[in-house]
Amino acid sequence: MSYYIKRSTNFSFDDAIERITKAVQTEGFGILTDIDVTATLKEKINVDFKKYRILGACNPTFAYEAFQVEDQIGIMMPCNITVIEQDNGHVDISIMDPTAAFNVIENEELQPFAIELKKKLERSLTYLDE
């Protein structure tokens, strides 16, 4: 079982960021965090690194419902999305698989949340071409 869902694209890096942000919004998610790994590595340890961003997506309704079941679930939030420009020019968009992540939590009541979140995130990837 993989811990992420991935789509390789021919979009520019900036276009991929914009498209995935809009795509997850269509499924009720907002982007809470945006980590520019490239800039951070340059600033902190003065290395050049490929274009790489980590977006933290959250669906507030699902988050609230999950908090009612498991108050420590915040450790697993938000759902991370990576946007990475590869050496071949493709831009990969990968999304954390909530079912894989939630498997480490021994609370069966969370599985329906994880399954529904995965469906929503997978659908998000289908909106990228719109």
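**Exercise 1. Two helices side by side**

In this predicted model, work out how helix 3 and helix 5 are arranged and which residues make their contact.

*Solution.*
- Step 1: Start with the numbers. Helix 3 and helix 5 pack at an angle of about 165°, and their axes are 11 Å apart.
- Step 2: Turn the angle into a word. Angles over 145 degrees count as roughly antiparallel, so helix 3 is roughly antiparallel to helix 5.
- Step 3: Add the handedness. Helix 3 and helix 5 make a left-handed crossing.
- Step 4: Find the residues. Helix 3 brings Phe62, Glu65, Ala66 and Val69 to the contact, while helix 5 brings Phe113, Glu116, Leu117 and Lys120.
- Step 5: Sort them by type. You get 5 nonpolar residues, 3 charged ones and no polar ones in the contact of helix 3 with helix 5.

**Exercise 2. The hole inside**

Find out how many cavities of 30 Å³ or more there are, and describe the lining of the largest cavity.

*Solution.*
- Step 1: Count. There is 1 cavity of 30 Å³ or more.
- Step 2: Get its volume. The largest cavity comes to about 120 Å³.
- Step 3: Look at the walls. The largest cavity is lined by 14 residues, and Phe62, Ala63, Met77, Cys79 and Leu117 are the closest to its centre.
- Step 4: Place the lining. Strand 3 (52-58), helix 3 (60-69) and helix 5 (111-126) are the elements that each give two or more residues. Helix 3 has the largest share, with 3 residues.
- Step 5: Check the chemistry. The lining splits into 13 nonpolar residues, 1 polar and no charged.

**Exercise 3. Isoleucine 54 and its neighbours**

Locate isoleucine 54 and list what it touches, leaving out residues up to four places away in sequence.

*Solution.*
- Step 1: Isoleucine 54 sits in strand 3.
- Step 2: With those sequence neighbours left out, isoleucine 54 touches Thr33, Asp34, Ile35, Val37, Asn80, Ile81 and Thr82.
- Step 3: Now try a distance. Isoleucine 54 and glycine 89 are 35 residues apart along the chain, and their C-alpha atoms are separated by 18 Å.

**Exercise 4. Two backbone oddities**

Here's a hint: most residues other than glycine have a negative phi, and most peptide bonds are trans. What is the peptide bond from methionine 77 to proline 78, cis or trans, and what is phi of asparagine 46?

*Solution.*
- Step 1: The bond from methionine 77 to proline 78 is cis, with omega near -5°. Proline 78 belongs to the loop between helix 3 and strand 4 (79-85).
- Step 2: Asparagine 46 has a positive phi, near 55°. You'll find asparagine 46 in the loop between helix 2 (37-45) and strand 3.

Definitions and conventions
Residues are numbered from 1 along each chain as its sequence is written. This is a predicted model: local features need pLDDT of at least 70, side-chain atom pairs count only at pLDDT 80 or more; totals for chains, interfaces and linings use all residues. Side-chain values use heavy atoms; hydrogens and water are left out. On a 1 Å grid over the protein atoms alone, a cavity is a set of points where a 1.4 Å probe fits but cannot get out, and a pocket is an open set with protein on both sides within 12 Å along at least five of seven lines; lining residues have an atom within 4 Å of a point. Grid points are joined across faces, edges and corners, and a volume is the space filled by probe spheres set on the points. Helices (H or I, at least four residues) and strands (E, at least two) are DSSP runs, numbered from the N terminus. Ala, Val, Leu, Ile, Met, Phe, Trp, Tyr, Cys and Pro count as nonpolar, Asp, Glu, Lys and Arg as charged, and the others, Gly among them, as polar. Axes are lines fitted to C-alpha atoms, for helices over the stretch in contact, and angles run from 0 to 180 degrees between N-to-C directions. Angles under 35 degrees count as roughly parallel, over 145 as roughly antiparallel, 65 to 115 as roughly perpendicular and the rest as oblique. A crossing is left-handed if the near helix is turned anticlockwise from the far one by less than a right angle, and right-handed if clockwise. Contact means heavy atoms within 4.5 Å.
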